[in-house]
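Please examine the sequence and the three-dimensional structure shown below. The paragraphs that follow lead through the arrangement of the chain step by step.

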Amino acid sequence: MPEGDTVWNTARVIEKALQGDVLTGSDFRVPQLATTDLSGWLVAESASRGKHLLLRLTRDGQTPLTLHSHLRMEGAWRAYAPGERWTGRPAYLIRVVLRTQRSVAVGYHLHELALYPTAEEERHVGHLGPDLLGADWDADEAVRRIAEHPDTTIAEALLDQRNLAGVGNLYKAETLFLRGLWPWTPVSQVADLTGTVTLAQKLVASNRGRWTQTTTGSLRRGETSYVYGRRAKPCRRCGSAIQKDEKGERITYWCPRCQPRPA
């Protein structure tokens with residue numbers, strides 16, 4: 001599950017490749033947009049909102065448009081120079097190609113790919129909670145939303161994008177380890193929700209602008225996380241074997257000693 005920093009970084013890649021340029025061609029490989037031609041549209045802004053990427057387009061005399069994509073588990077955008085070989089993913093996973101005179105942006109395995117008037121963005125992303133990497137970040141609002149569902153586990157509450165936008169499995173697991181919280185602790189039993197969401201935001205923000213994600217401070221292979229991706233390996237604090245629970249996309253890692261079940 002992509003994290004907010006991954007999507008933010010992706011938005012910067014597309015910004016560098018396309019922003020300020022006029023599209024010379026587009027190729028959509030999804031049924032709902034198959035006949036759409038964005039040639040002549042200016043790429044005005046590449047923005048992220050939680051895990052959603054919003055490419056805003058303008059054209060004289062036309063209603064501004066937003067090309068909206070969601071990366072989910074497998075999605076990615078790559079930028080290439082004209083004539084450069086596309087090596088990001090297999091060709092059958094390509095969902096959209098955007099061209100300018102100086103760059104080509106290719107979207108692979110994208111989800112929720114949609115084109116709509118920019119004025120309607122709130123209809124599509126207005127349900128999201130405060131963006132951990134956005135100007136609207138508000139820890140108090142995130143806490144308020146989480147606290148409205150006291151019986152929800154804290155792990156699920158952090159992943160719910162309606163509470164706060166940008167946490168995935170990695171930052172969920174690492175935040176809960178650092179706070180000493182058993183992942184299935186009910187929200188009502190979490191003593192310091194503000195401290196929990198504030199730490200989650202700090203962890204995500206600390207990796208903004210780089211692709212290697214670390215919560216330990218080390219960028220060396222095998223040293224970037226405390227519990228995430230470390231099933232059966234010794235806890236860095238107490239030496240206990242890290243545990244893993246997997247249900248669909250909901251993957252949880254935790255240390256049974258450092259994150260004990262509430263009495």
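The structure shown is a predicted model. The side chains of Arg162 and Asp160 form a salt bridge, with a separation of 2.8 Å from N to O. Arg162 counts as exposed, because its relative accessibility is 51% and the exposed class begins over 50%. Asp160, in contrast, counts as buried at 19% relative accessibility, because the limit for that class is under 20%.

A second pair of this kind is made by Asp192 and Arg179, whose side chains meet in a salt bridge at 3.1 Å, N to O. Asp192 is located in the loop between helix 5 and helix 6, whereas Arg179 belongs to helix 5, so this pair ties together parts that are 13 residues apart in sequence. Asp192 is partly exposed, with a relative accessible area of 35%, and Arg179 is partly exposed as well, with 34%.

Further charged pairs can be described in the same way. Glu120 forms a salt bridge with Arg123, and the closest N and O atoms of this pair are 3.2 Å apart. Glu120 is partly exposed at 27% relative accessibility, while Arg123 is exposed at 66%. Glu141, Arg144, Arg145 and Glu148 are linked in a network of salt bridges. The count of salt bridges comes to 15. As a general matter, side chains of opposite charge can pair when their charged atoms come close.

The nonpolar interior is the next subject. The largest nonpolar core has 26 residues, and those that touch the most other members are Ile146, Ile154, Leu158, Leu164, Val167, Leu193 and Val197. At least two residues of this core come from each of helix 3 (139-147), helix 4 (154-159), helix 5 (169-179) and helix 6 (193-206). Helix 6 gives the most, with 7 residues. Apart from this core lies another, which has 24 residues, including Leu23, Leu53, Leu57 and Leu65.

Val167 may serve as an example of the surroundings of a core residue. When its neighbours within four places in sequence are left aside, Val167 is in contact with Glu3, Lys51, Leu132, Leu158, Leu159, Gln161, Lys172 and Ala200.

The strands of the model can now be considered. In general, the strands of a sheet pair through backbone hydrogen bonds, either parallel or antiparallel. One open sheet consists of 4 strands in the order 1-6-7-5, and its pairing is antiparallel. Strand 1 (25-28) and strand 5 (76-80) are the edge strands, each of which pairs on one side only. With direction ignored, neighbouring strands of this sheet are turned against each other by 15 degrees on average. Strand 5 is joined to strand 7 (residues 104-108) by 5 bridges, and these two strands run antiparallel. Within this pairing, Ala76 has Tyr108 of strand 7 as its bridge partner. Helix 1 (residues 4-18) packs on the sheet and touches strand 5, strand 6 (94-99) and strand 7; the direction of helix 1 makes about 30 degrees with that of strand 5.

Another open sheet of 4 strands has the order 2-3-4-8, again with antiparallel pairing. Strand 2 (42-49) and strand 8 stand at its edges with a single partner strand each, so one side of each is left without a neighbour in the sheet. The twist from one strand to the next averages 15 degrees. Strand 3 (residues 52-58) and strand 4 (residues 65-70) pair in the antiparallel sense over 6 bridges, and the bridge partner of Arg56 in strand 4 is Thr66. Helix 1 also lies across strand 2 and strand 3, and runs at about 170 degrees to strand 2.

Two residues deserve attention for their backbone angles. His109 has a phi near 50 degrees, a positive value in a residue other than glycine. His109 is placed in the loop between strand 7 and strand 8 (111-117) and is partly exposed at 21% relative accessibility. Glu112, which is in strand 8, has a phi near 55 degrees, likewise a positive value in a residue other than glycine. At 40% relative accessibility, Glu112 is partly exposed.

Finally, a database record may be set beside the model. In an unreviewed entry, UniProt lists residues 2-107 for "domain: Formamidopyrimidine-DNA glycosylase catalytic". In the model, this span of residues 2-107 is 14% helix and 38% strand, and its end C-alpha atoms lie 15 Å apart.

Definitions and conventions: Residues are numbered from 1 along each chain as its sequence is written. This is a predicted model: local features need pLDDT of at least 70, side-chain atom pairs count only at pLDDT 80 or more; totals for chains, interfaces and linings use all residues. Side-chain values use heavy atoms; hydrogens and water are left out. A nonpolar core is a set of buried Ala, Val, Leu, Ile, Met, Phe, Trp, Tyr and Cys residues joined through side-chain atoms within 4.5 Å. Buried means under 20% relative accessible area, exposed over 50%, partly exposed in between (1.4 Å probe, protein chains only). Contact means heavy atoms within 4.5 Å. A salt bridge is a side-chain nitrogen of Lys or Arg within 4 Å of a carboxyl oxygen of Asp or Glu. Two strands pair if DSSP finds at least two bridges between them. Axes are lines fitted to C-alpha atoms, for helices over the stretch in contact, and angles run from 0 to 180 degrees between N-to-C directions. UniProt positions are given in the numbering used here, feature names are shortened, and annotations may be inferred rather than shown by experiment.
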